[in-house]
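Please load the model in your viewer and keep the sequence panel open beside it. The tour below moves from one selection to the next and says what is there at each stop.

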Amino acid sequence: MTDYIIGVADPKQWHSEITDIANDIGVSVHFNPFVSCNNKMVKYGVVRMHDLIQDILGWERLYLSGRLQKPMNILVDNLDIENVNTVNLKAATSAALLLFPSKFTEEDLYAKICSLSYMGDLRMLFAEDKNKVNKIVQGQFHLFEKMYKPLLEEYETKNLLRFSSAGDKQVNIFQDCGLSTASTLVSSLPSSIRSEMAMKLEDKRILDDYGYPGTYPDPAGPGRFRVMIATGRVRQQVVIGSKEQAAECMNRLVRRKVMFSSTRQAVAGL
């Protein structure tokens with residue numbers, strides 16, 4: 001079955017009553033399955049464009065943003081969603097890299113990226129195929145490569161990654177697991193995740209200043225780095241003690257977001 005996501009200015013013009021359910025109970029998108037279109041069975045979802053962009057940029061629900069981390073075709077793009085989605089892809093790449101050791105394969109990386117939107121989804125424990133992620137990646141490997149190769153090359157240029165070919169046509173990837181690299185990866189995560197990480201790590205500080213995301217040595221102690229989060233006139237600071245600490249904290253937050261969104265969508269019957 002082919003899935004379609006339809007972004008509209010006013011979903012009420014499409015499905016007035018059912019869209020209210022999607023907004024109030026679900027995750028702002030209503031799916032209508034088993035629709036016959038051009039002799040094919042399709043499923044389409046209707047979402048307000050504002051909600052779609054919010055999820056892409058901020059992982060507010062990590063629902064549609066998770067779908068857009070996987071290969072898809074954009075049929076009509078009036079708001080340059082494909083370009084906006086590069087922020088989402090970079091965040092997904094950084095999140096996956098945080099969860100990896102110093103060596104892994106390119107296929108492993110795509111599988112981890114693909115799995116982000118399933119982490120914490122209760123359906124993966126009972127209803128879904130346990131090999132779903134591997135099947136998605138292996139069946140569409142060249143499409144994942146097309147999506148993420150530019151970002152991987154950018155990370156290679158910044159000396160965050162290096163690549164080597166393996167004998168079985170696999171590509172091995174090596175990453176620096178130091179604090180500076182981990183802090184750079186955290187700075188590419190959505191602001192909602194970074195803000196929650198700051199609070200969870202109990203080291204949130206507010207500076208009455210303008211700024212841009214970046215990493216700075218923490219004068220509070222050696223071997224610790226702050227990730228500066230630009231939020232208008234203030235900057236929140238996340239102090240990272242280790243890559244493992246950052247990865248564990250982010251992992252819990254992502255799982256919680258996915259569990260919350262998947263449960264709401266299931267309760268809404270959407």
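How many disulfides does the count come to, if a disulfide is a pair of cysteine sulfur atoms within 2.5 Å? The count comes to zero disulfides by this rule. Select two of the cysteines to see their surroundings: Cys249 is buried at a relative accessible area of 2%, whereas Cys177 is partly exposed at 29%. Here buried means under 20% relative accessible area, exposed means over 50%, and partly exposed lies in between, with a 1.4 Å probe and protein chains only.

Before going further, note that this is a predicted model, in which local features need pLDDT of at least 70 and side-chain atom pairs count only at pLDDT 80 or more, while totals for chains, interfaces and linings use all residues. Residues are numbered from 1 along each chain as its sequence is written, and side-chain values use heavy atoms, with hydrogens and water left out.

**The whole chain**

Colour the protein chain by secondary structure, and 11 helices and 10 strands can be picked out; these are DSSP runs numbered from the N terminus, helices being H or I over at least four residues and strands E over at least two. Of the 270 residues in the chain, 47% are buried. The accessible surface comes to about 14,000 Å², and 52% of it belongs to carbon and sulfur atoms, the areas being taken from the Shrake-Rupley method with a 1.4 Å probe. Among contacts between residues at least 6 apart in sequence, 63% join residues at least 24 apart, where contact means heavy atoms within 4.5 Å.

**The sheet**

Next, select 103–105, 161–165 and 171–175, which are β4 and β5 and β6. These three strands form an open sheet in the order β4-β6-β5, with antiparallel pairing; two strands count as paired if DSSP finds at least two bridges between them. Because β4 and β5 each have a single partner strand, they stand at the edges, and one side of each is left without a neighbour in the sheet. From one strand to the next the twist averages 30°, with angles running from 0 to 180 degrees between N-to-C directions and axes being lines fitted to C-alpha atoms, for helices over the stretch in contact.

Zoom in on the pairing of β4 with β6, which has three bridges: Phe104 has Ile173 as its bridge partner, and Thr105 stands opposite Asn172. On the other side, five bridges join β5 to β6, and Leu161 stands opposite Gln175 there. Four of the five residues of β6 are buried, so this strand is largely enclosed by the rest of the structure.

**Helix α5 against the sheet**

Now add residues 106–115, helix α5, which packs on the sheet and touches β4 and β6, its direction making about 85° with that of β4. Seven of the 10 residues of α5 are buried, among them Leu109, Tyr110 and Ile113. The buried residues of this helix pack against α4, β4, α7, α8 and β6.

**Leu97, a meeting point**

Which residues is Leu97 in contact with, leaving aside its neighbours within four places in sequence? Show Leu97, which lies in helix α4, and its contacts are Phe104, Leu109, Tyr155, Leu161, Gln175, Leu185 and Lys243. Leu97 is buried, at 1% relative accessible area. A C-alpha to C-alpha distance drawn from Leu97 to Leu161 should read 9.7 Å, although the two are 64 residues apart in sequence.

**Helices α2 and α4**

Staying with α4 (81–98), bring in α2 (49–58): the two helices pack at an angle of about 35°, with their axes 8 Å apart. From α2 the contact takes Met49, Leu52, Ile53, Ile56 and Leu57, and from α4 it takes Ile81, Val84, Asn85, Val87 and Asn88. By class these are eight nonpolar, two polar and no charged residues, where Ala, Val, Leu, Ile, Met, Phe, Trp, Tyr, Cys and Pro count as nonpolar, Asp, Glu, Lys and Arg as charged, and the others, Gly among them, as polar.

**The loop after α2**

For the last stop, follow the chain into the loop between α2 and α3, where Trp59 is placed and where Leu62 is also found. Trp59 has a positive phi of about 50° although it is not a glycine, and Leu62, another residue other than glycine, has a positive phi near 50°. Are these side chains buried or exposed? Trp59 is buried at 1% relative accessibility, and Leu62 is buried at 2%.

Note on methods. A disulfide is a pair of cysteine sulfur atoms within 2.5 Å.
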